[in-house]
Amino acid sequence: MARHAWAVDRLWEGMIGPDDDRWAAGLDVLAATPLPFTPLTDAPALAAGLRELARAQLANRSATGLDDRARAYGEILVMCAACHTSLHVQLH
């Protein structure tokens, strides 16, 4: 989880900078870093979706503008929130 928090911080810096290297560094981590999860939640599907979105953003990196980054950043945060909510509900 610490790697994902680091990655989201880099995405923020890459979006508001704008800094292509920081944006790519954050996406690299999200595209490759697996998450520990409980199989009885939506977390596995959400984690796979997050990796897929990060990989798609990396593949289109040269074609994405600030609006595209902002949209992708929002989608990433929604996935993060859904995963955390899924884990929280399962624990209670």
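Here is a friendly conversation about a predicted model and how its helices, core and charged residues are arranged.

Residues are numbered from 1 along each chain as its sequence is written. In this predicted model, local features need pLDDT of at least 70 and side-chain atom pairs count only at pLDDT 80 or more, while totals for chains, interfaces and linings use all residues, and side-chain values use heavy atoms, leaving out hydrogens and water.

Student: How far apart are the end C-alpha atoms of helix α1?

Tutor: Helices here are DSSP runs (H or I, at least four residues), numbered from the N terminus. The expected span is 1.5 Å times one less than the number of residues, so the 15 residues of α1 (residues 2-16) should span 21 Å. The model agrees with that, as the end C-alpha atoms are 22 Å apart.

Student: Within what arc do the buried residues of α1 fall?

Tutor: Buried means under 20% relative accessible area, exposed over 50%, and partly exposed in between (1.4 Å probe, protein chains only). In α1, the buried residues are His4, Ala7, Val8, Arg10, Leu11, Gly14 and Met15. Taking directions from the helix axis to the C-beta atoms, these residues line one face of the helix, because they fall within an arc of 160 degrees.

Student: Which helix gives the largest share of the largest nonpolar core?

Tutor: Such a core is a set of buried Ala, Val, Leu, Ile, Met, Phe, Trp, Tyr and Cys residues joined through side-chain atoms within 4.5 Å. Among its 16 residues, Leu11, Trp23, Leu27, Leu30, Ala54, Tyr73 and Ile76 touch the most other members. Helices α1, α2 (20-32), α3 (43-59) and α4 (66-91) each supply at least two residues. The largest share, five residues, comes from α2.

Student: Which residues are linked with Arg10 in a network of salt bridges?

Tutor: A salt bridge is a side-chain nitrogen of Lys or Arg within 4 Å of a carboxyl oxygen of Asp or Glu. Arg10 meets Glu13 at 2.8 Å, N to O, and Glu13 also meets Arg22 at 2.6 Å. Arg22 in turn meets Asp19 at 3.4 Å. The residues linked with Arg10 are therefore Glu13, Asp19 and Arg22.

Student: How many disulfides does a search of the whole structure find?

Tutor: A disulfide is a pair of cysteine sulfur atoms within 2.5 Å. The sulfur of Cys80 is 7.7 Å from the closest cysteine sulfur, in Cys83, which is too far for a bond. The number of disulfides found in the whole structure is zero.
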